[in-house]
Amino acid sequence: MIPQTYKEVIDLGDGREISIETGKLAKQAHGSVVVQSGKCMLLCTVVSNYKSADVDFLPLTVDYREKFAAAGRYPGGFFKREARPSDGEVLTMRLVDRVLRPLFPKDYHSETQVMIQLMSHDENVMPDAMAGLAASAAIQLSDFPFECAISEVRVGRVNGEFIVNPSRAQLAESDIDMVIGASADSVMMVEGEMEEISEEEMTEAIKFAHEAIKVQCAAQEKLAAAVGKKEVREYEPEREDEDLKKKIHEMAYDKVYAVAKAGSSKKERGMAFSEIKEEILATFSEEELEDIGDLVSKYYGKAEKAAVRDLTLNEGLRLDGRQTTEIRPIWCETDYLPSVHGSSIFTRGETQALATVTLGTSREANQIDMPSHEGEETFYLHYNFPPFSTGEARPIRGTSRREVGHGNLAQRALKGMVPEDCPYTVRIVSEVLESNGSSSMATVCAGTMAMMDAGVQMKKPVSGIAMGLISDEETGKYAVLSDILGDEDHLGDMDFKVTGTADGITACQMDIKVKGLSYEILVNALMQARDGRLHILEKLTDTIAAPREDVKDYAPKMVTTRIANEYIGALIGPGGKVIQELQKETNTTIVINEDPETEEGIVEILGTGQEGIDAVLAKIDSITFKPERGSVYEVKVIKILEFGAVVEYVEAPGNEVLLHISELAWERTNDVNDVVKMGDVMDVKYFGVDPKTRKEKVSRKALLPKPEGYQDRPRRDNNRDNNKRRDNNRGDRKPREN
């Protein structure tokens, strides 16, 4: 018996729909939905333990996986089983997590798991755009303490028109690719890439997305009402003591305010704050601390946060003494590493990134193998954040989700400025060596300079800046902070990163922590970010004004040429013999790809020495050489035969043709050696394929003057031959006698 199901349909306004269904699958989960658009189906389940974990944070896990069966494919690898999540899946997890996490109560500490699975794929639907909707819809059907419904949509713009949840084909034509997360009342998350759009255009795209999200939130609420909204579960809240909170505030606030106003370094400031906290702890006995020590620490943190925020709102000062619009001191350097293809150091205050660039062939492209997307990237960026960058010692257990996310943001910021005709595969690696502020934006700046140092002909340089916001809802005061510190990221109401050229925004990532942020404040923040971004850009171009005209001497040079499809086999040779020997002899790397449109072979030649590259090009010219009828060519004798000489075209070594003995000279030649010797170089005329012999014909004598008195041989009488044939076929011939 099929259980009762409930369904809501969302109209996207252009004939497309998204449906949310519950009641059929995964009923033991605390909430489950199937979200469908076209043939794309996502199953989302949510579960949260009823017992709180012994931690002081929300142990929330958002997991997004794409099943290969959804696209009728097998997973790669030996075991043919989905394994660790791909970078694309990790990025989707982060998009959903960043919107959900702030909406749980701060004192809710039960382990919570949100699992989203792509169960059926549609090539015209991008599933990641519906993951936030699926997660929120499942939570609305649960009894979790969750503030309100949210959703996420992707926005594209094609020919000036905004599109909600565009297909991948539409996205290829779009100049905007943004994912926006919001509730019906407030925008909470923005992430995306753009083709140098203005701050106003970005704001309009966010507004457009928000209107679509309001409709999706209403559909979730309607579905929950139809199913029957569950009572919110009771949970054990954190212990509170208002008297203790007030006491700690009075003990800490003024002292913290004074330290914050001193404008000290991160280390000095941290030590001073620790001393204040230790002084407060010392006022309590060991027995008291055993009972309320966790509350004292929590209330001290609240007092510290309040003091620092008030300093900025009241006096316009920040922890390190800067004004709200002031950028920390910057110094840069390029060509720092002597053996890499390109390198740079970008240091802004106490944040430092060392970027390297490596140039390669299409063989080094990054392969993307997901059920929802297959392809390759010829430009990609990897970001590493070791623990020493923040003065910590902790285990390193592979690439973290944070590293994947920050690297992806920097990659999106830069990739639009790599020219379409760049022959190389370009890999940037950013090593974060110090961090107190945005290391992803330092990566963008370092990556720009490293590419220019490597000789990548960037269209325009790109810089990035991290911005913050401190606001007071009661007084209406707010302060937008340029180039935020790590502490300001923690205590602020908004963290957003913006990258771009002098002409517009190329990427952004924004997390808004306050409700009802006005678009006026958002635009002001974006304009202040633009001023800071241009200031940083000036520092980059002062260090390296333009890309190197060519790659460095020890970096590989890349030459690309095309050959007809029929010559690919000849260049590769039997079992790859020709191409392997050629690579060994010339110290180059040769990659051949077939153009599916023209069916030509695209040959990439990578080598550090121009001599080796030239030798490969000469070999290709030789293989693809086609003499033209009536043209004269220089040839060299490489073999003497009884009936002629084998000659090789000088301009195409390896291309041989027979110079027949009858074409050596006008006079009769009895011995080939009487006319030519091994190694002789001469000119011959090319006559194409001889219709009689069906072989190519060249002639030396055709270029020589006829000897005086020379007479051509008389032509054979074809009529006489025909008469002979007719005579032989006469029917009155006598039969042969045995």
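Trainee: In which loop is G263 found?
Mentor: The structure is a predicted model in which local features need pLDDT of at least 70 and side-chain atom pairs count only at pLDDT 80 or more, while totals for chains, interfaces and linings use all residues. Residues are numbered from 1 along each chain as its sequence is written, and side-chain values use heavy atoms, with hydrogens and water left out. Helices (H or I, at least four residues) and strands (E, at least two) are DSSP runs numbered from the N terminus. On that numbering, G263 is found in the loop between α5 (242–261) and α6 (266–282).

Trainee: Is G263 buried, partly exposed or exposed?
Mentor: The classes rest on relative accessible area with a 1.4 Å probe and protein chains only: buried is under 20%, exposed is over 50%, and partly exposed lies in between. G263 has a relative accessible area of 27%, so its class is partly exposed.

Trainee: Which residues is G263 in contact with, leaving aside its neighbours within four places in sequence?
Mentor: Contact means heavy atoms within 4.5 Å. S183 is 80 residues from G263 along the chain, and their C-alpha atoms are separated by 38 Å. With neighbours within four places left aside, the contacts of G263 are L319, D320 and G321.

Trainee: What radius of gyration does the chain have?
Mentor: This quantity is taken over C-alpha atoms, and the globule rule is 2.2 Å times the number of residues to the power 0.38. The C-alpha atoms fill a box of roughly 135 × 70 × 45 Å along the principal axes. A compact globule of 738 residues would have a radius near 27 Å, but the value for this chain is 37 Å.

Trainee: What percentage of the residues in the chain is buried?
Mentor: The chain contains 15 helices and 29 strands. Among contacts between residues at least 6 apart in sequence, 68% join residues at least 24 apart. Of the 738 residues, the buried share is 49%.

Trainee: How many of the residues of α9 are buried?
Mentor: The expected span of a helix is 1.5 Å times one less than its number of residues. Helix α9 (residues 439–454) should therefore span 22 Å with its 16 residues, and its end C-alpha atoms are indeed 22 Å apart. Just after α9, G455 takes a positive phi of about 90 degrees. Helix α9 is largely enclosed by the rest of the structure, because its count of buried residues is 16 of the 16.

Trainee: How many residues of α8 are buried?
Mentor: Helix α8 (residues 401–415) has 15 residues and reaches 21 Å from its first C-alpha to its last, close to the 21 Å expected. Its buried residues include E403, V404, H406 and L414. The helix is mostly covered, and of its 15 residues the buried number is 12.

Trainee: Which residues does V90 contact, beyond its neighbours within four places in sequence?
Mentor: V90 belongs to helix α1 (residues 87–100). Its relative accessibility is 5%, so V90 counts as buried. V90 and S400 are 310 residues apart along the chain, yet their C-alpha atoms are separated by 9.5 Å. The contacts of V90 are P85, R401 and V404.

Trainee: How far apart in space are L354 and V432, C-alpha to C-alpha?
Mentor: L354 lies in strand β13 (residues 351–360). With a relative accessible area of 14%, L354 is buried, and its contacts outside its neighbours within four places in sequence include Y336, V429 and L433. L354 and V432 are 78 residues apart in sequence, and in space their separation is 6.4 Å.

Trainee: Which residues of α14 are buried?
Mentor: Helix α14 (residues 610–623) has 14 residues and reaches 20 Å from its first C-alpha to its last, close to the 20 Å expected. The cover over its buried residues includes β22 (557–563), α13 (577–586) and β24 (601–607). The buried residues of α14 are G612, I613, V616, I620, S622 and I623.

Trainee: What is the phi of N587?
Mentor: Most residues other than glycine have a negative phi. N587 is found in the loop between α13 and β23, and its relative accessible area of 59% makes N587 exposed. Although N587 is not a glycine, its phi is positive, at about 55 degrees.
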